[in-house]
Amino acid sequence: MTPAQRTVRRSLPWLLAGLSMIGPFSIDAVFPAFPLIGARFQVDDTALQQLVSAYLLTYAVMSLFHGAISDAIGRKPVIVTGMLVYALASVGAASSTSFAMLLACRSLQGMCAGAGLVVGRAVIRDSLEGPAAQRLMSQVMMIFGVAPVIAPMIGALLLPLGGWHGIFWLLAGFTLLLAVALLTLLDETHPPERRSRFAPRPLLAGYLAFARERSFWPLLVSSSVNFAGLFLYISSAPRIVRELLHLSAQGFPWLFVPVVIGLISGAWLSGRMAERCSAKRTVSLGYASMLLACVAHLLLALLFPQPRLPWSMLPLILHGIGVQLAFPTLTLLLLDRFPHHRGGISSVQAFASLLLCGFVAGVVSPLLSASMLQLALGASLLTVLGVLAWGWYHGVTREAVLPVSGADAAAVMAAEIAEPR
């Protein structure tokens, strides 16, 4: 059965959104607990930032293998096993008696969490194609967009009840329930006849084949850098909220609400544009929105050396809209360069994106989060890199997409997000 013919359960967007929410919850819910964790284990802000970077780095490394393993044994076993081990790692984090043990459990969380995000993208492209795939990706990202704002709020609410331990107990319970739901409701979308053998040599050969594809590199850079500019603000949230805005743990929504409004709005727009605009126009509008947000960040940082609410946070809305306009289409374009190795290519894309985000959280954020102007300059540089990579992609492919509407636009999108010619 081809993707176009396969029946998709109504529960699929919710299951995939739940998998996508693991990442933001794992990062953002812990932010309000940083002072308590630091006091408990006698560590400074730089060490606490490693709770984010250690998670992201192990997430990135294992992401190279999740997709390839799912290409070999199927999507469902990889996702379910990943969620069960993640729940076990969360129990270990909640029970940590030293900062080293907490870091180790965070690393194990990262190793498992990628199974849901990486393989989930392959499930979408296994199930649907063209505008339908973009709509489903946009629906998932719209639901996913709620996670960054509710995660720190839930984390702050749990602090008076169970301290920082309660955050990890919540993550354990959530992923355990999600694993049960996946076992019950998720269909296997990668049948045995389409599976490839998992072995080091074929895996390396597959990655080398990706690298030889001329359109691979610009799409990889563009899709990886796409989120990094916004993530610079997200990973810097503890310092922005506490040191620049001088707010308590209950002040995190001032940063995360604009981010989520932007992400949800952008995902909704991406879904609406699936059959109306070409891939080129959709991604270009996304980057235009991100560039406009960067200009606004820079102007407000110069106008208000001491950030002011709500003005200093409002450009995050535009940035979130741009990210979600561009990301679904960029991801689908990349997946369709290698239709028989979607798990593997999803792994490579996740690895590159997460490695960059780990670098942003562990190195760039501590260096630049002392002022909003420095953050604005860093986010602008990352966004410009994404724009240049997107232009590079069109220089490589030399595809001219004319503005169309209605049924013709659907045909253009299907041609762009389809099997390679």
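A residue is called buried here when its relative accessible area is under 20%. With that cut-off in hand, let us walk through this predicted model, beginning with one short helix and working outwards.

The helix is α11, which covers residues 237–244, and its buried residues are A237, P238, I240, V241 and L244. What lies over them? The cover includes α2 (34–41), α10 (228–235), α12 (253–273) and α16. If you zoom in on I240 and set aside its neighbours within four places in sequence, you will find it in contact with Y233, L245, L255, M313, M372 and L375. Past the end of α11 comes H246, a residue with a positive phi, near 55 degrees.

I240 also leads us to the wider interior. The largest nonpolar core has 113 residues, and I240 is among the members that touch the most others, together with I37, L56, L102 and L182. It helps to set this beside the overall picture. The protein has 421 residues, of which 59% count as buried, and its secondary structure consists of 17 helices and zero strands. Contacts reach far along the chain: taking pairs at least 6 apart in sequence, 86% of the contacts join residues at least 24 apart.

A good example of such reach is A179, which sits in helix α7 (residues 147–185). Is A179 buried or exposed? Its relative accessible area is 1%, so A179 is buried. Although A179 and V80 are 99 residues apart in sequence, their C-alpha atoms are 5.4 Å apart in space. Leaving out residues up to four places away in sequence, A179 touches V80, M83 and L84.

Now for the rings. The structure holds nine aromatic pairs. One of them joins F31 and F34: the ring centres are 5.5 Å apart and the planes meet at 85 degrees, so this pair is edge-to-face, because an angle over 60 degrees puts it in that class. Both partners can be checked against the cut-off from the opening. F31 has a relative accessible area of 0% and is therefore buried, and F34, at 6%, counts as buried too. W390 and Y393 give a stacked pair, with 5.4 Å from centre to centre and 20 degrees between the planes. These two residues both belong to helix α16 (residues 372–397), where they are three residues apart, about one turn of the helix. W390 and Y393 are both buried. Elsewhere, F41, F99, W164 and F168 come together as one aromatic cluster.

Helix α16 deserves a second look, since you have now met it as part of the cover over α11 and as the home of the W390 and Y393 pair. It also takes part in a nonpolar patch on the surface. That patch is made of L291, L381, V384, L385 and L388, with about 430 Å² of accessible area together. Which helix gives the most to this patch? The answer is α16, with four residues. Among the patch members is L385, which lies in α16. At 40% relative accessibility, L385 falls between the 20% and 50% cut-offs, so it counts as partly exposed.

To finish, step back to the outside of the whole protein. About 16500 Å² is exposed, and carbon and sulfur atoms supply 71% of that area.

Methods. Residues numbered from 1 in each chain as written. Predicted model: local features only at pLDDT ≥ 70, side-chain atom pairs only at ≥ 80, totals over all residues. Heavy atoms only, no water. Core = buried A, V, L, I, M, F, W, Y, C linked by side-chain atoms within 4.5 Å. Buried < 20%, exposed > 50% of the residue type's maximum accessible area, 1.4 Å probe, protein only. Contact = heavy atoms within 4.5 Å. Phe/Tyr/Trp six-rings, centres within 6.5 Å; stacked < 30°, edge-to-face > 60°. Patch = residues over 30% accessible without salt bridge, like charges linked within 9 Å, V, L, I, M, F, W, Y side chains within 5 Å. Areas by Shrake-Rupley, 256 points an atom, 1.4 Å probe, with all protein chains shown as cover. Salt bridge = Lys/Arg side-chain N within 4 Å of Asp/Glu carboxyl O.
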